[in-house]
Amino acid sequence: MLNNPESMQGESLDRLSDFLRSAQNWFWELDADLRYSWFSSGCEERMHIDAAPLLGQPLDAAALDCLGIERRGWILLRHQMDARQPFSDFIFRVRSSEGQRLWHGLSGVPVFGPGGEFRGYRGSGRLATQQMEQQITADSALLMAEARANIASTLQEIEHSFEDR
């Protein structure tokens, strides 16, 4: 038995809605002037920042002034956006409403109208703090192990130089 297109479309919308509700992400839109124009409901709880002041803000002002994203990393992302390219998992640090330092990840795709005109970006964000803290811990452990190995090697060289005298 064939499903009618209307019920299939309704089922697809229900399915998509279920996926979105189950995601730990938040969703956002930028207009053609790269100003925040929309945030999904519940994003403030997931982002741990107040999103209201970001609405209508130019992306650069929101990123550099409100969120405190590092300029160097931001420039790379802006080059992609100025070229109207999609981007994936841009990781950055922000200060939460409670003063905590958190890591976020953003992904987005450019949106074009039927005539090919640029309309902005749509994307998702996620809290990446746990992932980044684990990575930093692992990187620190590796650096410490390398430092210990270098110190041991240097001490061994010094010991050998005294033995050779």
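Visitor: Which residue does R78 form a salt bridge with at 2.7 Å between the closest N and O atoms, counting D82's side of things?

Guide: In this model, which is a predicted one, R78 forms a salt bridge with D82, and the closest N and O atoms of that pair are 2.7 Å apart. Both residues belong to helix α4, and because they are 4 residues apart there, about one helical turn separates them.

Visitor: What other salt bridge does R78 form?

Guide: R78 also forms a salt bridge with D60, where the closest N and O atoms are again given as 2.7 Å apart. That pair links distant parts of the chain, since R78 sits in helix α4 while D60 sits in helix α3, with their positions 18 residues apart in sequence.Visitor: Is R78 buried or exposed?

Guide: R78 counts as buried, because its relative accessible area is 17% and the limit for buried is under 20%. Its two acidic partners are placed otherwise: D60, at 31% relative accessibility, counts as partly exposed, and D82, at 46%, counts as partly exposed as well.

Visitor: What else does R78 touch, apart from its close neighbours in sequence?

Guide: Leaving aside neighbours within four places in sequence, R78 is in contact with L34, L59 and D60. L34 belongs to the turn of the hairpin formed by β1 and β2, where it has a positive phi of about 60°.

Visitor: How many salt bridges are there in total?

Guide: The count comes to 5 salt bridges. One of them is formed by E117 with R119, where the closest N and O atoms are 3.2 Å apart; E117 is partly exposed at 35% relative accessibility, and R119 is partly exposed at 45%. Elsewhere, salt bridges that share partners join D60, R78 and D82 into one network.

Visitor: Changing topic, what is the overall order of elements along the chain?

Guide: From the N terminus on, the elements run α-β-β-α-α-α-β-β-β-α, which comprises 5 helices and 5 strands. The chain has 165 residues, of which 28% count as buried, and among contacts between residues at least 6 apart in sequence, 41% join residues at least 24 apart.

Visitor: How do β1 and β2 pair?

Guide: β1 and β2 pair in the antiparallel sense over 3 bridges, and they form a hairpin with 5 residues between them. Within this pairing, the bridge partner of W28 is F39 in β2.

Visitor: Which residues touch the most other members of the largest nonpolar core?

Guide: Those residues are W28, L30, Y36, M81, F87 and Y121, in a core of 22 residues. The elements that each supply at least two residues of this core are β1, β2, α3, α4, β3, β4 and β5, and β3 gives the most, with 4 residues.

Visitor: And Y36, what is it in contact with?

Guide: Not counting neighbours within four places in sequence, Y36 is in contact with W28, E29, L30, L54, L55, G56, Q57, L59, A62 and L106.

Visitor: Back in helix α4, where does L77 stand, buried or exposed?

Guide: L77, which is also in helix α4, is buried, with a relative accessible area of 3%. Beyond residues up to four places away in sequence, L77 touches F87 and F90; the C-alpha atoms of L77 and F87 are 7.6 Å apart, and the two residues are 10 apart in sequence.

Visitor: What about the outside, which residues make the nonpolar surface patch?

Guide: I151, L155, I158 and F162 make a nonpolar surface patch of about 420 Å². I158 is found in helix α5, which covers residues 129-163, and I158 counts as partly exposed because its relative accessible area is 41%. For the chain as a whole, about 11200 Å² is exposed, and carbon and sulfur atoms supply 53% of it.

Conventions:
Residues are numbered from 1 along each chain as its sequence is written. This is a predicted model: local features need pLDDT of at least 70, side-chain atom pairs count only at pLDDT 80 or more; totals for chains, interfaces and linings use all residues. Side-chain values use heavy atoms; hydrogens and water are left out. Patches are made of residues with over 30% relative accessible area and no salt bridge: like charges are joined within 9 Å, nonpolar side chains (Val, Leu, Ile, Met, Phe, Trp, Tyr) within 5 Å. Accessible areas come from the Shrake-Rupley method with a 1.4 Å probe; for residues, only the protein chains shown count as cover. A salt bridge is a side-chain nitrogen of Lys or Arg within 4 Å of a carboxyl oxygen of Asp or Glu. Buried means under 20% relative accessible area, exposed over 50%, partly exposed in between (1.4 Å probe, protein chains only). A nonpolar core is a set of buried Ala, Val, Leu, Ile, Met, Phe, Trp, Tyr and Cys residues joined through side-chain atoms within 4.5 Å. Contact means heavy atoms within 4.5 Å. Two strands pair if DSSP finds at least two bridges between them.
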